[in-house]
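Biologist: Please walk me through this model, feature by feature.
Modeller: Gladly, here it is.

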Amino acid sequence: MDTKAKVRVRNLTKKFGDLLVLDDISFDIKKGEFVCIVGPTGCGKTTFLNLLVKLLEPTSGNIFIDGEEADPKKHNLSFVFQEQSAFPWLTVEQNIRFGQETKKRPKHETDNVTEYILDMLGLKEYRDRYPHELSASMEQRIVIGRSFAMKPDLLLMDEPYGQMDLKLRYYLEDEVIKLQTATKSTVIFITHNIEEAVYLADRCLILSQKPTTVKEEVKIDLPHPRDVASKKFIELREYITEQIKWW
Ligand SMILES: Nc1ncnc2c1ncn2[C@@H]1O[C@H](COP(=O)(O)OP(=O)(O)OP(=O)(O)O)[C@@H](O)[C@H]1O
């Protein structure tokens, strides 16, 4: 057992009535690792995150964070979900400050982190605007920025880019990698998009069809920013796609 693991999943099983979704799943995620979870539609990716944040109770098994039973009240977690909203009554800057202020950080630290995040995500010139004045993709940047500003030990991202156009996706993916490198957060990222997973992850966990097990773990040992046209990148993308085959 890896005692340095940030997240340890042990014999995790989740049933909804008679429907067995997660079937005795075990894996570890290291501190500072960026792990993408991919798998067929309905295999239980979101269910796993809901178990991790205790929105659901497992049927059996455990999830540990830093060796303790996962508990969002105790552990420094942050989330970005698909089509999540920024707080509409707050400006861009206030949105980025919001979570930090609830953590009672010293003001100068909040100021520094806020400037860093606004700058990194190209939001400085919009700092006094409200979310409804901006595009949906800009709003998603605020949500991502707000999550990283909390300096979470563990960041959970569930299809955070939704239907965003490709160019912006790549831009934001690069930003997420920069932010993760700077904050040393551990990231669990769920996506349907294999190219995105290969672009981002240190490791991909491939889940099977229900009843779901971890079919395979694939290490992505390529430097960032990754070249999506490189031979190795294409090979990995094709290999993972082949393993999933949900069509
Ligand atoms: N609260 C619930 N009650 C009953 N069944 C549920 C519940 N939540 C999820 N399920 C079922 O569990 C399975 C896994 O759902 P989940 O949303 O976790 O899958 P997913 O891998 O995230 O799917 P997708 O790829 O479509 O986002 C699905 O068959 C779903 O219908």
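Biologist: Let me start with one residue: how many other C-beta atoms lie within 10 Å of Lys54?
Modeller: A word on the model first. It is a predicted one, where local features need pLDDT of at least 70, side-chain atom pairs count only at pLDDT 80 or more, and totals for chains, interfaces and linings use all residues. Residues are numbered from 1 along each chain as its sequence is written. A residue is buried with 20 or more other C-beta atoms within 10 Å of its own, exposed with 12 or fewer, and partly exposed in between, the C-beta atoms being placed from the backbone. Lys54 has 14 such neighbours, so it is partly exposed.

Biologist: What is unusual about the backbone of Lys54, and where does the residue sit?
Modeller: Most residues other than glycine have a negative phi, and most peptide bonds are trans. Lys54 has a positive phi of about 65°, although it is not a glycine. Its place is the loop between H1 and strand E4 (60–65). Helices (H or I, at least four residues) and strands (E, at least two) are DSSP runs, numbered from the N terminus. Lys104 also has a positive phi, of about 55°, in the loop between H2 and H3. With 7 C-beta neighbours inside 10 Å, Lys104 counts as exposed.

Biologist: Which peptide bonds are cis?
Modeller: One joins Lys210 and Pro211, with omega about -10°, and Pro211 lies in the loop between strand E9 (203–207) and strand E10 (214–219). Another runs from His224 to Pro225, with omega near -10°. Pro225 belongs to the loop between E10 and helix H7 (231–244).

Biologist: How do I read the ligand site, and which residues surround the ligand?
Modeller: A residue counts as near the ligand if its C-beta atom, placed from the backbone, lies within 6 Å of it. The shell consists of Phe16, Leu19, Val21, Gly39, Thr41, Gly42, Cys43, Gly44, Lys45, Thr46 and Thr47. Strand E2 (19–30) and helix H1 (45–52) are the elements that give two or more residues to it, and H1 gives the most, with three. By class, the shell has four nonpolar, six polar and one charged residues. Here Ala, Val, Leu, Ile, Met, Phe, Trp, Tyr, Cys and Pro count as nonpolar, Asp, Glu, Lys and Arg as charged, and the others, Gly among them, as polar.

Biologist: Which residues does Thr47 touch, beyond its neighbours in sequence?
Modeller: Contact is C-beta to C-beta within 7 Å, with the atoms placed from the backbone. Leaving aside neighbours within four places in sequence, Thr47 is in contact with Lys14, Val21, Leu22 and Leu56. Thr47 and Val21 are 26 residues apart along the chain, and their C-alpha atoms are separated by 8.4 Å. Thr47 is in helix H1 and is partly exposed, with 19 other C-beta atoms within 10 Å.

Biologist: How is the protein divided into domains?
Modeller: The bounds come from an automatic or database domain assignment. They give domain 1 (1–76 + 153–247) and domain 2 (83–151). Taken over C-alpha atoms, the domain centres are 25 Å apart. In all, 11 residues of domain 1 are in contact with 10 residues of domain 2. H5 gives the most to the side of domain 1 that touches domain 2, with seven residues. That side has seven nonpolar, two polar and two charged residues.

Biologist: And the largest nonpolar core: how many residues does it have, and where does it lie?
Modeller: A nonpolar core is a set of buried Ala, Val, Leu, Ile, Met, Phe, Trp, Tyr and Cys residues joined through C-beta atoms within 7 Å. The largest has 57 residues, and those with the most contacts inside it are Cys36, Ile37, Val38, Ala197, Ala201, Cys204 and Ile240. Domain 1 and domain 2 both give residues to this core, so it lies between them. Not counting residues up to four places away in sequence, Ala197 touches Cys36, Val38, Thr191, Cys204 and Ile240.

Biologist: Last one: how does the length of helix H4 compare with what it should span?
Modeller: The expected span is 1.5 Å times one less than the number of residues. For the 14 residues of H4 (residues 136–149) that should be 20 Å, and the end C-alpha atoms are 20 Å apart, which agrees. H4 is mostly covered, with 10 of its 14 residues buried. What covers them includes strand E6 (77–81), helix H2 (92–102), helix H3 (107–120), strand E7 (154–158) and helix H5 (166–183). Just after H4, Lys151 takes a positive phi of about 45°.

Definitions and conventions:
Contact = placed C-beta atoms within 7 Å.
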